[in-house]
Amino acid sequence: MKKRLLSTALLMTLTACQIPAVSNDDNQTKTMKQNTIPEHLDFSKLTGEKRSFELGGQTIFYRAYENIVYVANPVDKAYQTMNIYIPEGYFNNQTINDFNQDTAPIFFPNGVGGYMPAKAQKVEINKRNNQSNSLMVALSKGFVVASAGARGRTLKNETGDYIGKAPSAIVDLKAAVRYLKANDKAMMGDANKIISNGTSAGGALSALLGASGNSSDYEAYLNELGALKASDKIFAVSAYSPITNLENADMAYEWQFNGVNDYQKVSIQMLDYNVERKLIKGTQTKEQIQLSDKLKPLFANYVNGLNLKNHHGELLSLDKNGNGTFKTHLEHLLIKSAQTALDNGTDLSKQTWLKIQNNKVVSVNFDDYAKFIGRQKVTPAFDGVDLSTGENNLFGNAHTDNQHFTLFSMTHNTAPNATRVSDNSVKMMNAMNYVSKDTGAIHYRIRHGQNDKDTSLAIPALLALKLQNTQGKTVDFAVPFGQGHSGDYDLEELFAWAKEISIESKQANK
Ligand code: DHB
């Protein structure tokens with residue numbers, strides 16, 4: 001048995017406690033410099049507060065450690081903080097849901113929406129659906145919970161400089177992971193079993209956090225913040241509605257929605273999935289339709305360049321009209337989604353895009369599906385030619401609020417004095433660029449609602465395929481029927497998956 005549970009009294013007497021800042025989850029980590037944790041970043045110096053909440057007729061007791069600044073040189077203390085919650089039973093050597101104080105995985109949810117700044121999440125009722133939030137459900141199932149805040153695209157310092165543009169948010173989440181790894185011995189839970197969770201922009205960051213573990217690309221940023229010297233590789237990823245692969249998402253969107261010219265747009269302030277979204281109706285202009293016609297055919301080149309295969313080993317590609325095996329693959333995902341709904345008794349009679357015979361969904365027409373769910377974003381969906389999107393805002397810099405991030409939109413720019421962000425910043429925000437056999441998280445659970453039109457279904461599907469095509473990864477990807485752009489709607493299933501992967505890996509290590 002490793003680590004911890006020195007009595008609180010003993011902890012108080014230890015002043016400059018020498019804790020190796022590195023956990024032993026891989027060779028790369030082992031070779032990293034060992035250092036002493038400065039006192040203000042040392043978890044063993046903290047005293048938690050005993051609290052409880054009710055869930056399903058049970059009282060759940062836990063200990064709360066809130067507002068922990070997780071880096072030595074914070075840029076914004078309101079956001080670069082973490083809340084840590086530990087089931088009380090672990091302080092009495094109890095077993096909860098087959099986990100104990102040493103083996104409990106660490107659930108790592110972020111509250112990022114719209115690439116906006118996000119505070120560390122708390123144990124509280126989810127305001128959107130009036131249900132226990134993911135942190136509460138996690139604690140009730142014996143997970144240790146750590147939620148980190150992160151900087152976002154609108155954040156400014158006192159002198160008016162922007163301090164949360166890309167890649168700030170992912171750097172912050174990595175720094176928080178390093179805090180957990182460096183403090184693994186002092187803290188209950190297993191920092192080799194960090195399972196991140198997020199929705200939309202937060203889902204994209206969750207996937208990126210998983211894919212890019214220990215990548216040297218972020219090192220300089222982490223050093224500047226005074227992040228602890230430790231691994232930032234996590235164990236598993238849960239991503240709902242990930243708004244990822246931004247540099248290819250415009251093409252994907254037009255491949256899906258070209259020809260669908262009426263839209264119901266969400267106003268930019270409302271992009272964040274956390275807030276109630278206002279829809280504005282409109283029709284694409286002639287210029288937007290022309291841009292759509294130019295973007296759509298570019299997507300085939302991108303897909304074909306990825307060389308991805310389905311689970312039968314068949315190459316997934318698209319022809320010059322945008323048809324082919326990749327499109328068929330998405331149709332299969334939708335058939336599966338609809339069949340599950342049908343089996344659960346959902347009425348599908350109004351879903352004109354699918355064919356049902358004898359209680360079997362026999363076919364789906366992807367073009368009809370796109371028309372049926374409808375367009376939500378005008379062309380280009382992400383890199384707006386007028387620099388008006390949330391993503392233009394994400395890729396600004398200290399002194400420039402909005403920038404382009406694709407050559408296409410830079411070329412078709414309509415805004416005065418427009419500039420384009422460096423390719424490196426764009427690269428560092430995209431999980432697709434980091435998926436590789438020997439690095440990053442092992443397990444991925446990805447969900448994209450069948451009714452989600454914030455990005456093309458192709459985007460999460462390509463991420464899932466890239467992971468499935470990479471040795472050593474497990475991927476659970478599904479398209480829940482009737483679900484829109486949302487997350488945390490199936491927490492029972494989420495934590496069943498989280499338990500299964502955690503226990504499986506314990507057995508495999510024996
Ligand atoms: C989110 C939604 C979007 O449509 C988008 O482009 C970026 C982020 C979100 O809800 O987080």
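Select helix 7 and colour its buried residues: L246, N248, A249, D250, M251, A252, Y253, E254, W255, Q256 and F257. Buried means under 20% relative accessible area, exposed over 50%, and partly exposed in between, with a 1.4 Å probe and protein chains only. Helices (H or I, at least four residues) and strands (E, at least two) are DSSP runs numbered from the N terminus.

Before moving on, note that this is a predicted model: local features need pLDDT of at least 70, side-chain atom pairs count only at pLDDT 80 or more, and totals for chains, interfaces and linings use all residues. Residues are numbered from 1 along each chain as its sequence is written, and side-chain values use heavy atoms, with hydrogens and water left out.

**Stop 1: helix 7 and its surroundings**

Stay on helix 7. Eleven of its twelve residues are buried, so the helix is mostly covered. From first C-alpha to last, helix 7 reaches 17 Å, close to the 16 Å expected at 1.5 Å a residue. That expected span is 1.5 Å times one less than the number of residues.

What do the buried residues of helix 7 pack against? Show helix 8, helix 9 (325-343), helix 10 (366-373), helix 11 (390-394), helix 12 (407-411) and helix 14 (458-468). Contact here means heavy atoms within 4.5 Å. Then step just past the end of helix 7: G259 has a positive phi of about 95°.

**Stop 2: helix 7 against helix 8**

Now keep helix 7 (residues 246-257) and add helix 8 (residues 286-306). Their axes are 7 Å apart and the packing angle is about 110°. Helix 7 and helix 8 are therefore roughly perpendicular to each other. Axes are lines fitted to C-alpha atoms, for helices over the stretch in contact, and angles run from 0 to 180 degrees between N-to-C directions. Angles under 35 degrees count as roughly parallel, over 145 as roughly antiparallel, 65 to 115 as roughly perpendicular, and the rest as oblique.

Show the side chains at the contact. Helix 7 supplies N248, D250, M251, A252, E254 and W255, while helix 8 supplies S292, L295, K296, L298, F299 and Y302. By type, the residues of this contact are seven nonpolar, two polar and three charged. Ala, Val, Leu, Ile, Met, Phe, Trp, Tyr, Cys and Pro count as nonpolar, Asp, Glu, Lys and Arg as charged, and the others, Gly among them, as polar.

**Stop 3: the largest nonpolar core**

Which residues have the most contacts inside the largest nonpolar core? Select I84, F108, F299 and F326; the core has 145 residues. Helix 4 (residues 168-182) gives the largest share, ten residues. A nonpolar core is a set of buried Ala, Val, Leu, Ile, Met, Phe, Trp, Tyr and Cys residues joined through side-chain atoms within 4.5 Å.

Centre on I84. Leaving out residues up to four places away in sequence, I84 touches F43, R63, A64, Y65, I68, V145, A146, Y179, L180 and M187.

Go next to F108, in strand 4. Its relative accessible area is 2%, so F108 is buried. Beyond four places in sequence, the contacts of F108 include M82, A146, A148, L173, A176, V177 and L180. Measure across to V145: F108 and V145 are 37 residues apart in sequence, yet 6.1 Å apart in space, C-alpha to C-alpha.

**Stop 4: two buried loop residues**

Find M429 in the loop between helix 13 (423-427) and strand 14 (443-447). M429 counts as buried because its relative accessibility is 3%. Sequence neighbours up to four places away aside, M429 touches Y115, A166, P167, I170, L205, L208, L394 and F395.

Move to H448, in the loop between strand 14 and helix 14. Is H448 buried or exposed? At 0% relative accessibility, H448 counts as buried. Among the residues that H448 touches are T455, F477 and P480.

**Stop 5: backbone details**

Select A166 and P167. The peptide bond from A166 to P167 is cis, with omega near 5°. P167 sits in the loop between strand 7 (144-148) and helix 4. Another cis peptide bond joins T379 and P380, with omega about -15°. P380 is in the loop between helix 10 and helix 11.

Finish with two asparagines. N67, in strand 2 (residues 58-69), has a positive phi near 60°. At 56% relative accessibility, N67 counts as exposed. N97 has a positive phi near 55° and lies in the loop between strand 3 (81-87) and strand 4 (105-109). At 29% relative accessibility, N97 counts as partly exposed.
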